[in-house]
Amino acid sequence: MNETFNISSSPHIRAKVTTGNIMFLVLIALMPTTLFGIYNFGVQALGIVFLTVASAVATEYLFERFMGKKITIADGSAAVTGLLLALNLPPTAPWWMCVLGAVFAILVVKQLFGGLGQNFMNPALAARCFLLISFTGRMTTFVYDGVSGATPLAQLKTGESVNTMDMLIGNIAGTIGETSVIAIMIGAMFLLFMGVIDLRIPGTYLITFIVMIVLFSGKGFDLNYLTAQLCGGGLMLGAWFMATDYVTAPITKNGQILYGVCLGVLTGLFRLLGRSAEGVSYAIIISNLLVPLIERVTRPRPFGKGGER
Amino acid sequence: MGLLTFKGGIHPDDGKKLSKDKPIVEAKPGKELVYPLSQHIGAPANPIVEIGARVLRGEKIAEAGGFVSAPIYSSVSGTVKAIAPHFTSTGAKVNSIIIENDEQYEEAKWREVIPLEQMKKEEILNCIAEAGIVGMGGAGFPTRVKLSPKEPEKIEYIIANCAECEPYITADYRRMLETPEKLVGGMKVVLQLFENAKGIFGIEDNKPDCIEKLKELTKDEPRMEVKVLQTKYPQGAERQLIYATTKRAINSSMLPADAGCIVDNVETLIAIYEAVISGKPLYERVVTVSGDAVKEPGNFLAPCGMSQMELIEMAGGFEGVPEKVISGGPMMGFAMFSTEVPVTKTSSAILGFSKDEVKKHEPSACINCGRCVDACPSRIVPSRLADFAERHDEESFLKWEGLECVECGSCSYVCPAKRHLKQAIGSMRKIALANKKK
């Protein structure tokens, strides 16, 4: 026989899952809340989603092209970042804010730190916080049904009563993708079912948050208040889709639990003590910064050295 | 559930249906047979035949080169043609005895068979050593050395590795189905050496027919037990198998004997049976020839020294030109650039694949998804270790317990970025181990 065969180190078989199809599954999982946002806030929301995703993908393409790097837009990660940013913008966001946010997320937070897998902060959330600090007014003005008003979470903070049923369904003011808990949960269930995420981070996050609210809100175990806190603001979108971002969460299993606790404590503190009603975005990006420390203290014990269970 | 197992591992497509229902067929070798002098871990064997000499089937042609070594027997009768370097399935060139087959298959008398009960322990061990038996699952560690722990009275379990967790391979499966009594017989021989030990057959639940046969055969054996394991890779890895069957855990700096265990695989135990009970040294073994590029996959009783190409011809040859040919299983076997290499004591399978799955994907950036951490049976963090390895950061590599890697390949298998994690960690491990010895 003259032909020679390929040589490589074992293993010689690979699972079917790729980075590209994980990102694709995340995009699908975000569809219910995206579609609900468009239905809820109208065609303007559709424009924001489209523009933000397109800007994110274009930024990645142009940067990689300009730097002579391999073009990686096909892996879908830029599209996911763009979509998550869009879902975190108010439906009244002007076009230039969408573009600016997307460029900041991809260029500054992701590519300048080395591209996919190297960013230490969630790009979409970092961009959101950047916009929030720079254009506080525009980012916190929410118009619903033609009326400018406070979000239920802000009403809750000033002691007004809120309709929790509307919050579950999403008939409230807020950013494009955060209002409908039901739509978010459909996507989250899908990701859990497909094995893209597990309960470790969102589970501990939400449980810790509940504990924080029950202990420190001064309301005790007030079911109505608790439900409103859970359904209000960006908590659900953050817990299921942003805190679970692989790149910026710990890789160790115990680290993920610690990270979830961290998120719950910080979100609770920000919401209860902070000036703003919101707290999820900051809680997540601050916890992102703690990840290297968390990983160091939660290095797993190997098999045969006490790590059997 | 209730099935015994370990934490971590993967569930690859097992591909066993291609060959599992094909009975073992005796393979006829061609004109020329090649016997590498190093088919085991340890010192190479020393040839004891002259060029031009006539040898018989079952005649010793090379003797052990030390305590950790093993002799080699001819599997045919014929003439010694040369002693020269020849490629083996790992890609290395190894000094080999080349014998021209006269197709007479004239057998040499090896030894008088003495009933097991009348044999002293030392005689049994010597017989196993003399027969050239080594770990036939792939490692090739001389069995006699394995069976000589410092404190034999502290051995509590002899574990027969019947897991056969590598995809595609069905050699052990056929052995257990066709001649389970030889496997049980081999276990009996080993138990004779360790009076405080119990024999355990650890077998995955995807082989219910074998489980039934083994249970039937061992029902009157108070010292033997069949333990059913969850079907999962790498259930047959030594440390994982010990844990699944006995709940004892060992790490890289320990031997199975430290946990009171000795593990031998099916083919090895059958070789022990053949040597001690039937009086036949080791010169043949069962090899699975399979994969989507093989026309008629099957299981063959192949003489050692036979060309792997001839064995593939016996399985109908290749369908077109395969991209990849593997000696052993797809998870831990070696990719071969040519099939002009001999079957050796450790060749469990030859697999031909029309598509090379590794070539199909370019490795990309790690997205930190943690799938490798979930899959790792050693409970370490493969993606981090691979980073350290690529940076030659030996200190961090050791701190993150890189030496605990068993190189099972589960991390590379699950990686969505298709990174060559096992390869990176494996290379760094070799460097770190070498530096440690300094």
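**Close-up 1. B:Cys366 sits in the loop between α9 (357-360) and α10 (371-375) of chain B.** In this predicted model, UniProt, in an unreviewed entry, lists B:Cys366 under "binding site" together with B:Cys369, B:Cys372 and B:Cys415. These four residues span 50 residues in sequence, yet no two of their C-alpha atoms are more than 10.7 Å apart, so they gather at one spot. B:Cys366 has 24 other C-beta atoms within 10 Å and is therefore buried, the cut-off for that class being 20 or more. When residues up to four places away in sequence are not counted, B:Cys366 touches B:Ser383, B:Ala417 and B:Arg419, and also A:Gly117 of chain A.

**Close-up 2. B:Cys372, listed by UniProt in that "binding site" record, lies in helix α10 of chain B.** B:Cys372 counts as buried, with 30 C-beta neighbours inside 10 Å. Its contacts, not counting residues up to four places away in sequence, are B:Pro382, B:Ser383, B:Cys411, B:Val414, B:Cys415 and B:Leu421. Among these contacts, B:Cys415 is itself one of the residues in the UniProt listing that holds B:Cys372, whereas B:Cys411 appears in the listing shown in the next view.

**Close-up 3. B:Cys376, B:Cys405, B:Cys408 and B:Cys411 are listed by UniProt under "binding site" in an unreviewed entry.** Although these residues span 36 residues in sequence, no two of their C-alpha atoms are more than 10.5 Å apart, so they gather at one spot. B:Cys405 is found in the loop between α12 (394-399) and α13 of chain B, and B:Cys405 is buried, with 23 other C-beta atoms within 10 Å. Leaving out residues up to four places away in sequence, B:Cys405 touches B:Ser378, B:Ile380, B:Ile425 and B:Arg429. B:Cys411, by contrast, belongs to helix α13 of chain B, where B:Cys411 is buried with 32 other C-beta atoms within 10 Å. Apart from its neighbours within four places in sequence, B:Cys411 is in contact with B:Cys372, B:Ala375, B:Cys376, B:Pro382, B:Leu421 and B:Lys422. B:Pro382 and B:Leu421 thus recur, having been named among the contacts of B:Cys372 and again among those of B:Cys411.

**Close-up 4. Helix α6 (residues 238-246) of chain B is mostly covered, with nine of its nine residues buried.** The buried residues run from B:Glu238, B:Arg239 and B:Gln240 through B:Leu241, B:Ile242 and B:Tyr243 to B:Ala244, B:Thr245 and B:Thr246. They pack against four strands of chain B, namely β9 (157-162), β10 (198-204), β11 (224-229) and β12 (261-265). The helix is followed by B:Lys247, a residue whose phi is positive, near 65°.

**Close-up 5. The contact of the two chains takes 57 residues from chain B and 36 residues from chain A.** On the side of chain B that touches chain A, at least two residues each are supplied by α6, β15 (324-327), β16 (334-336), α9, α13 (410-414) and α14 (421-437). By class, the residues on this side of chain B divide into 31 nonpolar, 14 polar and 12 charged. Helix α6 of chain B, the subject of the preceding view, is one of the elements named here, as is α13, the helix that holds B:Cys411.

**Close-up 6. Helix α3 (residues 77-87) and helix α4 (residues 95-110) of chain A have axes that come within 10 Å and cross at roughly 130°.** That angle makes α3(A) oblique to α4(A), and the crossing is right-handed. From α3(A), the residues A:Ala78, A:Thr81, A:Gly82 and A:Leu85 meet A:Gly101, A:Ala102, A:Ala105, A:Ile106 and A:Lys110 of α4(A). The residues of this contact divide into five nonpolar, three polar and one charged.

**Close-up 7. Helix α3 (residues 171-178) and helix α7 (residues 266-276) of chain B pack at an angle of about 45°, with their axes 9 Å apart.** This angle makes α3(B) oblique to α7(B). The residues that α3(B) brings to the contact are B:Ala171, B:Asp172, B:Arg175 and B:Met176, and those they meet in α7(B) are B:Val266, B:Glu267 and B:Ile270. Taken by class, the contact has four nonpolar, no polar and three charged residues.

Terms used: Residues are numbered from 1 along each chain as its sequence is written. Chains are lettered from A and ligands numbered from 1 in the order in which they are written. This is a predicted model: local features need pLDDT of at least 70, side-chain atom pairs count only at pLDDT 80 or more; totals for chains, interfaces and linings use all residues. Axes are lines fitted to C-alpha atoms, for helices over the stretch in contact, and angles run from 0 to 180 degrees between N-to-C directions. Angles under 35 degrees count as roughly parallel, over 145 as roughly antiparallel, 65 to 115 as roughly perpendicular and the rest as oblique. A crossing is left-handed if the near helix is turned anticlockwise from the far one by less than a right angle, and right-handed if clockwise. Two residues are in contact if their C-beta atoms, placed from the backbone, lie within 7 Å. Ala, Val, Leu, Ile, Met, Phe, Trp, Tyr, Cys and Pro count as nonpolar, Asp, Glu, Lys and Arg as charged, and the others, Gly among them, as polar. UniProt positions are given in the numbering used here, feature names are shortened, and annotations may be inferred rather than shown by experiment. A residue is buried if 20 or more other C-beta atoms lie within 10 Å of its own, exposed if 12 or fewer, and partly exposed in between; C-beta atoms are placed from the backbone.
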